[in-house]
Amino acid sequence: MQQTSCIRKSIFRVQLVCLLFVTQICISQTPPRQEIDFSSFIQELFPVPVDDANYNDLYEALFQLYANPLDLNTATRDELAATFILTAEQLDAFIAYRGNFGALLSLYELQAVPTFDLPTIRRLLPFVTLQPRQASWNELLHSPTQHFLILRSERLLEQQKGFSKIDSGSTSTSRYAGGPYQLYARYRYARAGAYSLGFTFEQDAGERWNWQPKRQIFGVDFTSFHAQLQNRGIFKNVILGDFQMQAGQGLLMAAGFGLGKGTETILTGYRSTLGLRPHTSVLEAGFFRGAAATLALTRQWDMTVLASGVRRDASLNTDSEELLVSSLLLAGLHRTPAEREKQALIPEKNLGFHTAYNLPGQRGKIGLTALYTHFGVALERRNLPYNVFEFKGKNNLSLGLHGDYLWKNLHFFGEGGRSSSGGLGGIGGLIAPLGRTLDATFILRHYDRNFHTFYGSPLTEGSRPINESGAYWGLRYSPNRRWQFSGFYDRFSFPWLKYQVNAPSEGNDRLLHVRFSPNKKFTAVALFHQEQKERNRPGNTTPLPELTQTIRRTASLQADYDVPLRFAIRTRIQAGQFVYRGISSSTGFTVVQDITWRLPKIEISARMAFFATDNYDSRQYVYEKDVLYAFSLPAYYNRGTRHYLMARYAVSKKIRVWLRWSQSRFSNQEEIGSGLSQIEGPTRSELKAQLMYTF
């Protein structure tokens, strides 16, 4: 009977796939893979940027998912959830479909998965693939899914003070050592699920060629390399070079996937255990450098070990007679003698371990994480009240236990950890599909004021998981394919002092998002976001200043009209307010018009924006379209205009070039910026060129 049932299922699926092929007028198993606009994708997830979020890291994390498309026949539920495209109900439906019918025969078969609609499938296709079965290693090696070289250069057209000659009458004697061009190169040779080899070079404007191998500086200012091998017997994943690790809810190791709060109110609160990933971005911190391996001990049990030795930028503690480090630096800029002195100043070593048991039927997992970090020089922050519970010393051992479980339609998840200081951290929650149209999530978190982790990035209000408690509620209501309503409310508190907050404080964060899409071409979005926090009262110089409440509000309306392969138009109106309650208020707004023309070999994109704000407090952030694998999110402040023009030209099937010009013009300023970044005059213009060669 079981054999007869399998035969019937196979016949049914063959008939189904044939029908879908005819429907799509298709002669191949795989539809053409789309090139997606990452800026638009991120804007849909996080339409209201915040200052302390690392969007470059988020961009790189999403690019990694795009660069390594998931094989739908082997992808886990966690890996599919990490695309932030499928709802909990859709994830359950896909896993059940694959469990009932076996491996997919074609990507077009996604149309047969219950709850999957065409808009969802179109968004998912750039991130998934179907790998050929029984392919030999020689066939895989000679058929990479990615093999390209990218070269990029950009510069400011106006002269910054740091590139000018030293004025004999000036008190400033420091200047940038290098030239005004930023240089970037990236090479990748990879086959999704099999291997990856690549390097990344970057030199920022003002930085110079430098050769100090003992400090891991090899000519250009930043170099990154990796070699990865996957799914070869017991070796599930092996990486040499630069890499990251994502485990559990990211409490101890997050691999850049700390996405925070956005309009995807349900899935972004949950972190997927993705394991080892190559580090290929130009972010000069937050990664390991060495070797790591994941071993598949059994079908359900795997183990990961890692060893890393990397040098970190740091500032010395000048208040102490001993050699102590006051802070680890993340900016990655080394243009002046003072900045170069801090470059790769201290060695950092890491030893890590992770093991996970996957429950049968992909119903969940249980995992254990350990990370030991040793600094070559002791860390001790400046002797200030808000630093009392910060990490001190050279060594930190953090241990964590994580797990998640699917029970009926409820998904429970959580992770707890402890650092060497005795501080505890924990996060836990659930995702609940409440029918076909309503999804909900609830997450609790608490991080002690002395909980220390250097590579963790779970859901937080602050930039790190320390000195914080909070409760997050998220809802999404989709009554039909045209309408979607989503929102969240997050209440948080900080039991100890923070920078510029010299007393325990609390606040809340809320968002409401409405999306209307009556057809494939038109989409309208409305959004309101408000965040309340407490800060030191401005102008108060007492040792323990009184706190006052601040409120930041943002509202926006956006309309998109997109005709595939022809043109796209986007109009956005955005306004904001920043309030020191009872003291002052600052308002601002911007009007943005984007248009894209698509011709057979060339695509031209343009923007015209007008902005007016009372000051920098009410600045407006708006995503901009940039060259492939680059990210642009400038702040619009004061009064003026912002515009750009970008062209992408396909010279041949293997060569594509981009040219982008952008300019900010201020109507009420005679100079822009400060210090060595200062520009004389009311305009700031950038020129960027990129070439991509696909082998």
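**Entry 1. Terms and model.** I take helices and strands as DSSP runs, numbered from the N terminus, with at least four residues for a helix and at least two for a strand. The model I examined is predicted. For the protein chain I noted a mean pLDDT of 88, with 90% of the residues at 70 or more. Residues 19-30 stay under a pLDDT of 50, and the model gives this stretch 17 contacts beyond four places in sequence. Where pLDDT is low, predicted coordinates should not be read in detail. I therefore did not interpret the contacts of residues 19-30 one by one.

**Entry 2. Positive phi values.** I looked up threonine 115, which sits in the loop between helix H5 (88-101) and helix H6 (118-124). Its phi is positive, at about 75 degrees, although threonine 115 is not a glycine. Most residues other than glycine have a negative phi. Threonine 115 has a relative accessible area of 22% and is therefore partly exposed, since the buried class ends at 20%.

I then turned to asparagine 231, where phi is near 55 degrees, again a positive value in a residue other than glycine. Asparagine 231 belongs to strand E8 (residues 222-232). With a relative accessible area of 46%, asparagine 231 is partly exposed.

**Entry 3. Strand E25 and its partners.** I followed strand E25 (residues 547-563) through threonine 550, which lies in it. Is threonine 550 buried or exposed? Threonine 550 counts as buried because its relative accessibility is 3%, and the buried class covers values under 20%. Leaving aside residues up to four places away in sequence, I listed Glu531, Gln532, Lys533, Arg535, Phe578, Val579 and Tyr580 as touching threonine 550.

Which strands pair with E25? Strand E24 (residues 522-536) pairs with E25 in the antiparallel sense over 15 bridges. Across this pairing, valine 525 stands opposite glutamine 558 in E25. Strand E26 (residues 567-580) and E25 are also paired in the antiparallel sense, over 14 bridges. There I recorded alanine 568 in E26 as the bridge partner of aspartate 562. E25 and E26 form a hairpin with 3 residues between them. In the turn, leucine 565 has a positive phi of about 70 degrees.

**Entry 4. A nonpolar surface patch.** Which residues make the nonpolar surface patch of about 430 Å²? I found Leu157, Leu645, Leu659, Trp661 and Leu687. Of these I checked leucine 687, which lies in strand E35 (residues 683-694). Its relative accessible area is 35%, so leucine 687 is partly exposed. That value is over the 30% required of a patch residue.

Notes:
Residues numbered from 1 in each chain as written. Predicted model: local features only at pLDDT ≥ 70, side-chain atom pairs only at ≥ 80, totals over all residues. Heavy atoms only, no water. Patch = residues over 30% accessible without salt bridge, like charges linked within 9 Å, V, L, I, M, F, W, Y side chains within 5 Å. Areas by Shrake-Rupley, 256 points an atom, 1.4 Å probe, with all protein chains shown as cover. Salt bridge = Lys/Arg side-chain N within 4 Å of Asp/Glu carboxyl O. Buried < 20%, exposed > 50% of the residue type's maximum accessible area, 1.4 Å probe, protein only. Contact = heavy atoms within 4.5 Å. Pairing = 2+ DSSP bridges. pLDDT = per-residue confidence, 0-100.
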